[in-house]
Every structure is written in structure tokens, then in C-alpha cells.
Amino acid sequence: MFGVFLYQTQNKMRTIALLFLLLVSGTAFSQAPNLNGKVEIDMKTGQITCDFMLSKIPNLGKDYQIILNKGFNIKAIKDSNNNTLKYSGYYAGTMRGEGLTYTPLFKDSIMVNPKQLHITYTGAFPIYTDTLNFVDFKGLIAFNGKTMRAADQSKWYPIIYDVKNDRLIEQVSFNIEVKTHGAKTIFVNGDLPKSGPSATFKSDLAIAPMLFIGDYEVQKTNGALFLNTNMNNKQLTIFEQNIVEMKAYYSKNLKIPYDTKNVFIEHEPIEKFNKGRSWGFVAFPTIAFAGIKLGDMIDEQNSKLKDSTDYPFIAHEIGHYYFGNVLQPNSTLFWFFLESTAEYLSVKASEEKYGKAFAIKYFAERGKQLKNFKAKSLNAIKDMNEISGTYRYSYGPFLLRGLEQIIGEKRMFKFLSTSLNAKNEATDYNFFKRNALKSGVTNKEWDTFEKDFILAENAVSLVK
Ligand SMILES: [Zn+2]
């Protein structure tokens, strides 16, 4: 399952992958599973073989499934006493997104709360060099002859699905040995990149362990790591300056420090991209780009980005530290609090850098594209996916800009930081309203906002 969002910049078409950040709400589910074991990857044949102990599985009774990428064949699922278990899903299986679903059985019924499972499996994936695929997205296990990428969304490791809460538990603490045939560098999200052909990776914090391995170099700056980028020193310095500036702007205004080092990955997509098209996704704190050379974004002579529209593009991904990590949205306004907020922040950062004219132009251009858009009011959203790609990336920022128009920039940041500091709350419409009022928005102001913006079918023309 994936979505794309297209928008026209001055001279290029760009696609931003919809990211599948965790849906860990924090409420009632504090325990994250632990993944321990090894993965062997052959860069020449595309074969991946795994031997994993999945422990600390949250107690979901019988309401769980194990999901693995459809390209894998299971050798065995064993319990903590090393007994081979029967499981359903091996015949006429059911898919959930990229993976097939399995449930271990005990006496022909779903095994209750298995706590720990030992899962071994293998599979091989195409290596795309001359003939490319019709699509690339975050959910594919992608070998391109030089590098291999497998994000959490691909389900390259066993992922627990919480049936009752319709929730994938992608974040795990881990201790993994990665053995490769033919990889110079290995990176597992959550740890630092290491030299191949084999290395061990560990994270005590639960995180989505994306793999990026292959024949590439690592570049470092104070605030970030760059994998497979091949930038010169000047390009690195300028790129770093832009990130530092964005982080400083966000942390100053939101009053929440931004200490995490970002990891930037550049890789070739396994789908043919027309010139000028690029794609990015986040597996926090990693930001991956395809179809673009980061160094090419830089105007070395003038020490800036060549194209000012790249600034919000990067600032959006950087902004997911706040909306996606500090606050992990859930519930009906999941997409609004994940994407509309990050996009709004990116416009604010760009406005700070390029002046008011930037935001005016941004909203004017988006406004034209949204001319015929009909919004369902946020207070009537019952299912998170009612907020479409266009809604979350394009229309949502108009709503936030509308609130800013009513309460001013300073109080707008107060509202955003109040929301970020909320802990273990469902991010639904009440959350929106409650945190707005808590941050100092008056009832009168909220009512005006609700009437003019939220309840309007299309409030785009109200944003000046
Ligand atoms: Zn985003």
C-alpha cells in the first residue's frame, strides 16, 4: 500500500512518497518487540536469508498476525522451547500491504500471546539494472546492482500486526548481525553505518530498522551523515548550513531542541524516472532521496540551493522530527498531524529564509491547484484515510495558515509546541481544539476559525 502526491514546481514534477511512519500511540502499548539474530544478503543474486528471534511481543491475546514480505518462504516458526509450530497462512494466504500474514497455532487454534518466536526464512529479489520496474516505492525491497534498500514498510523483518487496533508494530529494539556478500558499507537505521562485508547493529530504542547496504561511501558533517552522496566539501558545507538553519528555526520557535543527527541517503530508483523527477521518504532519522544528486542541488558559487523550492522539500522532511517523532500521531487526524503540520512548518522555514513573498506565492500556486477541491470537515473525519494525499499535503497547510491568520505567527507556534508536548493523546479533532485552547487561543477565535475554515468546503480563497 502506498500513495503518491504530485505537485508542479516551476519546471519539474516531483513526487513525495507517502511515508508510513509508525502508528505507535503510546497509550497502553509501551512495549516494543525486540529483534535479535542475523540476516544474510547476497548482492549478486538478491537472496536474503534471515534467522530471527522476535521477543517481547506485546500481549495481544489471539488478535495478532505476523507479516513478512510476500517474497519470503518460511523455513520454520518455533516457540521458546524450540518446538516447531504449525501456522496458518502457508496456503491461500492473505496479504496485508506488502506482506503475507501468518498466525502460529497451538492445538489448531491461534496461539495465545506467544511472547517469543523464532522465525527463519529466505527469499530472493530481482536486481534491477538494465530493465527497470514500473514502480518504486518505500515498500519494495530494491536491489539496483549497486545498493540494496529495504525499509520497514517492505516487511523484510517479521512485523506484528495488532488486529484490534489496526496497527503495524514496525518499531523494534534490535541486535542484528548483517552478513553480506559483496557490500562495502552497511547501514541499519538506528545505528551508524559500518564497513562490510559483515557487521553487527544495535538499537536499544525502538526504531524502524531500514537496511541500506552496498558499494557506497559515507560522508560526515557535524549534524548529519550522508550515504552514497559523493558531494565535494563545498557542497557538503552548504548542504549542512541549510539543515542547521532549518533546525535552528524550528527549535527556536517550537522551543523543543533538535539534537538528532539526520542521515541522508541518495540512491538510484528501480523505476525509470524522467529528468527532473525525484522522490523522497523518511524512516526517521533517515531521509532518503531517489532520482536526485544532493550535490546537484547546490549552487557553489553563491553558497545556496540552486532552486528555492528545494528548501521546503528538505525542510518538510527535517520537520518530521517534530511531527512524526516527538509527536507520533494516531487516530482520525493522523495524516493532518503528520503531513499537514510538516508541510506547514516547511513553508514557515522558507518564509523565514526567502521572505513573505515566498509564502504568498506558495499558497497562490497551491490555491490554483485546489480550486475544485472539496474538503470534508476535520471534525467529521471518522477514518484517518478520509484525509487524502491532496488533503494532507496541500489543503491541510491552508487550514493551518488560516489559523495563523487569526491568531498570529507567535501564538501559532505556541499552539504547535503545545500539541508536540501532549503525551499519549489521540490526535483527533478534539485534540486539535483542546490544544489550541490550551495554548491560549480564545473560544471566540476558535469559533471563527472553525466556522470560516474547518466547516468551509474549500477555504483556500480565505488565505491571503
Ligand atoms: Zn512528510
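**Helix packing and the zinc site**

Tutor: In this predicted model, 10 of the 10 residues of helix H2 are buried, so H2 is largely enclosed by the rest of the structure.

Student: OK, which residues of H2 are the buried ones?

Tutor: They are Asp310, Tyr311, Pro312, Phe313 and Ile314, followed by Ala315, His316, Glu317, Ile318 and Gly319.

Student: And how do H1 and H2 cross, at what angle?

Tutor: Helix H1, which covers residues 233-254, and helix H2, residues 310-319, have axes that come within 10 Å and cross at roughly 55 degrees, and the two helices are therefore oblique to each other. The crossing in which H1 passes H2 is right-handed.

Student: Which side chains should I click on to look at that contact?

Tutor: On the H1 side the contact is made by Phe239, Asn242, Ile243, Glu245, Met246, Lys247 and Tyr250, and on the H2 side by Tyr311, Ile314, Ala315, His316, Ile318 and Gly319. Divided by class, the residues of this contact of H1 with H2 are eight nonpolar, three polar and two charged.

Student: Switching to the metal now: which residues are the protein donors of the zinc ion?

Tutor: The zinc ion has His316 and His320, each through NE2, and Glu339, through OE, as its protein donors, and these lie 2.0 to 2.1 Å from the ion. Along the sequence the donor residues are spaced H-x3-H-x18-E.

Student: Are those two histidines, His316 and His320, buried or exposed?

Tutor: His316 is buried, with a relative accessible area of 1%, and His320 is likewise buried, with a relative accessible area of 1%. His316 is also among the H2 residues that make the contact with H1.

Student: New topic, what about H7 and H8, at what angle do they pack?

Tutor: Helix H7 (residues 429-438) and helix H8 (residues 443-454) pack at an angle of about 140 degrees, and their axes are 10 Å apart. Because angles count as roughly antiparallel when over 145 degrees, H7 and H8 are described as oblique to each other. H7 passes H8 in a right-handed crossing.

Student: Which residues make that contact?

Tutor: H7 contributes Tyr429, Phe432, Lys433, Ala436 and Leu437, while H8 contributes Asn443, Trp446, Phe449, Glu450 and Ile454. By class, the contact of H7 with H8 holds seven nonpolar, one polar and two charged residues.

Student: Last one, where does Phe281 lie?

Tutor: Phe281 lies in strand E24, residues 279-283, and is buried, with a relative accessible area of 0%. The C-alpha atoms of Phe281 and Leu370 are separated by 24 Å, these residues being 89 residues apart along the chain.

Note on methods: Residues numbered from 1 in each chain as written. Predicted model: local features only at pLDDT ≥ 70, side-chain atom pairs only at ≥ 80, totals over all residues. Heavy atoms only, no water. Donors = N, O, S within 2.8 Å, 3.2 Å for Na, K, Ca; no water. Buried < 20%, exposed > 50% of the residue type's maximum accessible area, 1.4 Å probe, protein only. Axes fitted to C-alpha atoms, helices over the stretch in contact; angles between N-to-C directions. Helix = DSSP H or I, 4+ residues; strand = E, 2+ residues; numbered from the N terminus. Parallel < 35°, antiparallel > 145°, perpendicular 65-115°, else oblique. Left-handed = near helix turned anticlockwise from the far one by under 90°. Contact = heavy atoms within 4.5 Å. Nonpolar A, V, L, I, M, F, W, Y, C, P; charged D, E, K, R; others polar.
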